[in-house]
Every structure is written in structure tokens, then in C-alpha cells.
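Here is a briefing to read alongside the sequence and the 3D view. Please keep both open while going through the points.

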Amino acid sequence: MDPVQGGNLKFLKKGTENGFVLVRKRDLDKLTTEVMQLREFLPKVLNRGFGEILHETQATRSTMEHVTKEQEYLRQECLHLQSRLEAVQVECQKEREGKLQALLVVASQTLQSFIGFMDEERHSEELQGYQFVQALTGTVSTDIAAVSCGREFLSTTAQFVPDTIIKLLERMKPGVCPKIKVLMLSTLYNVSISVKGQKYISQNPALLSVIWKLLDDGDWTVCLQSLRLLQSLMLDEEQLISEDSIWLDPELKLCLQRLCSSPKPSLREAAVQALKDLQVLLQGWRSEQIGT
């Protein structure tokens with residue numbers, strides 16, 4: 001704007017071509033002074049604030065880099081510790097399986113020896129070592145076969161255990177050592193829960209005949225556990241049925257029907273359910289036969 005002299009006033013052009021505003025000279029001088037002061041001090045203030053911000057930014061960046069390095073160090077430490085932990089766990093598992101293998105060998109041999117000394121009397125509980133054999137069998141049934149890793153071990157590494165149990169159950173007389181029989185059947189039942197275990201014991205040709213025999217054992221707890229094992233085998237979708245299979249024998253159906261009239265509620269309910277499962281199994285087999 002071009003000032004126009006007029007006494008103590010100056011005219012400043014504003015807006016339009018012919019428009020002017022009257023401003024006192026001292027006010028204009030004051031304004032000029034303030035502008036000059038701003039020109040002088042504003043850069044200093046701005047530069048000082050910018051410098052502080054820049055310094056803080058650099059400090060923050062340095063801190064972040066330190067934290068990032070620390071996190072990476074801790075991550076590497078965690079990976080190292082995780083690797084060591086896994087190695088120790090593998091070693092512990094191997095050591096545990098070595099001890100478990102020895103325990104199962106002892107249990108199988110002890111059970112075989114005990115049953116070998118039994119006579120046909122029903123007072124086998126009075127034989128020396130009965131309590132020990134029962135406790136040992138219970139350990140296999142409830143502490144090993146009842147957990148997934150134990151079932152896996154019995155289905156792969158220690159297959160001699162279910163094989164021995166089936167063989168011994170086949171030899172045992174009706175009404176003899178029912179508690180030990182129940183524990184042995186419980187072991188087989190727990191093994192059958194796993195896919196590998198069920199597939200393995202189902203291949204044993206003596207298993208179904210042993211179960212059928214134990215359904216007429218005389219002790220209802222043995223019958224009940226036999227029914228549970230039978231039901232577990234029926235649930236196998238890959239169950240193979242041949243023309244001479246026990247599953248097709250009408251006597252098996254009649255046996256289950258008799259148990260459906262048992263005075264023991266739990267045994268009666270299990271028999272009813274087993275009979276239904278047998279009918280479903282046979283219906284599926286007949287459908288396959290018609291389809292082929």
C-alpha cells in the first residue's frame with residue numbers, strides 16, 4: 001500500500017481503487033515497529049521450539065530403537081528357552097516310556113503268573129498276592145490306559161498288554177476274580193476309545209468270543225464292563241463283518257435280550273443300548289450287501 005501524506009495523517013489505499021483509510025502516523029510507526037520486532041524475534045522462538053522438538057524426536061527414536069533391540073533379544077531368548085524346554089520334554093518322555101515299558105512288562109508277567117496258579121475255586125481272592133495283582137492291574141487300567149498318551153502307548157509300543165489281557169480273559173473261569181476281570185476289561189475299553197487302539201484290538205480274532213463268554217460270567221459287574229467294551233467295538237465305522245462273524249450269530253442277540261431283563265438297572269440299560277447298536281450295525285451291513 002502506498003501511504004499519502006496529509007498532515008499528521010497518512011492515507012492508505014484499501015479495497016477499491018478510490019477507497020482510502022485514515023491512519024495516524026504514530027500508529028503506523030508503532031505498527032511498523034511491532035512488525036520489525038516480530039521479524040526479529042519470531043524466527044528465534046520458532047527455531048528454539050523446533051530444535052527442542054527435533055531433540056525430543058531423536059531421543060524418542062533412540063529409545064524406540066533400544067526397545068526394539070531389547071524385544072528382539074528377548075524374543076531370541078524365548079526361542080532358545082523354548083527349544084531347550086522341548087528337548088528336555090523329549091528326553092523326559094523317552095525316559096518315562098522306558099520306565100513305563102518295564103512296568104508294563106512286570107505287570108503282564110505278574111498277571112500271567114497269578115492266573116496260572118488259580119484253580120477253579122471261586123475264592124481266588126484268598127490266594128497270596130491277590131491284592132498286589134489287583135492293585136497292579138488297576139494301575140494299568142486307571143493310571144495308564146485312562147489317559148490319551150497311555151492309550152497311545154498301549155496301542156503302539158506296548159501292544160503285548162492288550163494281547164495278554166485278551167488271552168488271560170479267555171483262560172479265566174466264570175465267577176473267578178471278578179474285580180480283576182473288570183479292571184482288565186476296563187483296560188481294553190480304554191484302549192478301544194482311541195482310533196488306533198480300537199483298530200488294533202478289533203483285529204484280535206479271540207476278542208468277540210471272549211466278550212460273549214464274559215456276558216455269561218455270572219458276576220453282573222463283569223457283564224456290564226463286557227457290554228461297554230462290546231458297544232465300543234460296535235461304534236467302529238470300519239468294522240468288518242464276514243458271513244461267519246459273531247455279530248451275525250442270533251445267539252448274541254438272544255444273550256443281549258436276556259440281559260435286558262436284568263434286575264440291575266445299569267446292566268439292563270446298557271444291554272438295551274447294546275441291542276440297539278447291534279441292530280444298527282447289522283442294518284448297515286445288510287444295506288451294504290444289497291448294494292453290492
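Is L104 buried or exposed? L104 counts as buried, because its relative accessibility is 0%. The model is predicted. The points below go from the overall layout to the core, the cavities and a few single residues.

**Overall layout**

- The protein chain holds 10 helices and 3 strands.
- The strands come at the N-terminal end: the order is β-β-β-α-α-α-α-α-α-α-α-α-α.
- The protein chain has 292 residues, and 35% of them count as buried.
- Its accessible surface is about 19200 Å². Carbon and sulfur atoms supply 56% of that area.
- Take the contacts with a separation of 6 or more: 61% of them join residues 24 or more positions apart.

**The nonpolar core**

- The largest nonpolar core numbers 63 residues.
- Those with the most contacts inside this core are L104, L169, M184, L215, L227, L230 and W247.
- Helix α10, residues 265-291, gives the largest share of the core, with 9 residues.
- L227 touches L215, L256, L259, L267, A270, A271 and A274, leaving aside residues up to four places away in sequence. Of these partners, L267, A270, A271 and A274 fall within the residue range of helix α10.

**L104 in helix α1**

- L104 is part of helix α1. L104 is also among the residues with the most contacts inside the largest nonpolar core.
- Beyond residues up to four places away in sequence, L104 touches V140, I144, F153, L154, A158, F160 and V161.
- L104 and T137 are 33 residues apart along the chain. Their C-alpha atoms are separated by 9.7 Å.

**Cavities**

- How many cavities of 30 Å³ or more does a search of the whole structure find? The search finds 2.
- The largest cavity has a volume of about 110 Å³. Its lining takes two or more residues from each of α1 (25-117), α2 (130-144), α4 (160-171) and α5 (178-193).
- In total, 13 residues line the largest cavity. A107, L111, T137, V140 and I165 lie nearest its centre.
- By class, this lining has 9 nonpolar and 4 polar residues, with no charged ones.
- T137 and V140 link this cavity to the picture around L104: L104 touches V140, and the C-alpha distance given above is to T137.
- The second largest cavity encloses about 30 Å³ of space.
- L208, W212, L230, I246, W247 and L252 form the lining of the second largest cavity. This lining is made up of 6 nonpolar residues, with no polar and no charged ones.
- L230 and W247 appear in that lining. L230 and W247 are also among the residues with the most contacts inside the largest nonpolar core.

**S141 in helix α2**

- S141 lies in helix α2.
- S141 counts as buried because its relative accessibility is 2%.
- S141 touches A146, L183, S186, T187 and N190, with residues up to four places away in sequence not counted. L183, S186, T187 and N190 fall within the range of α5.

**C177 and its backbone**

- Where is C177 found? C177 sits in the loop between α4 and α5.
- The relative accessibility of C177 is 0%, so C177 counts as buried.
- Phi of C177 is near 50°, a positive value in a residue other than glycine.
- Most residues other than glycine have a negative phi.

Key:
Residues numbered from 1 in each chain as written. Predicted model: local features only at pLDDT ≥ 70, side-chain atom pairs only at ≥ 80, totals over all residues. Heavy atoms only, no water. Helix = DSSP H or I, 4+ residues; strand = E, 2+ residues; numbered from the N terminus. Buried < 20%, exposed > 50% of the residue type's maximum accessible area, 1.4 Å probe, protein only. Contact = heavy atoms within 4.5 Å. Areas by Shrake-Rupley, 256 points an atom, 1.4 Å probe, with all protein chains shown as cover. Core = buried A, V, L, I, M, F, W, Y, C linked by side-chain atoms within 4.5 Å. 1 Å grid on protein atoms, 1.4 Å probe; cavity = no way out; pocket = protein on both sides within 12 Å on 5 of 7 lines; lining within 4 Å. Points joined across faces, edges and corners; volume = space filled by probe spheres on them. Nonpolar A, V, L, I, M, F, W, Y, C, P; charged D, E, K, R; others polar.
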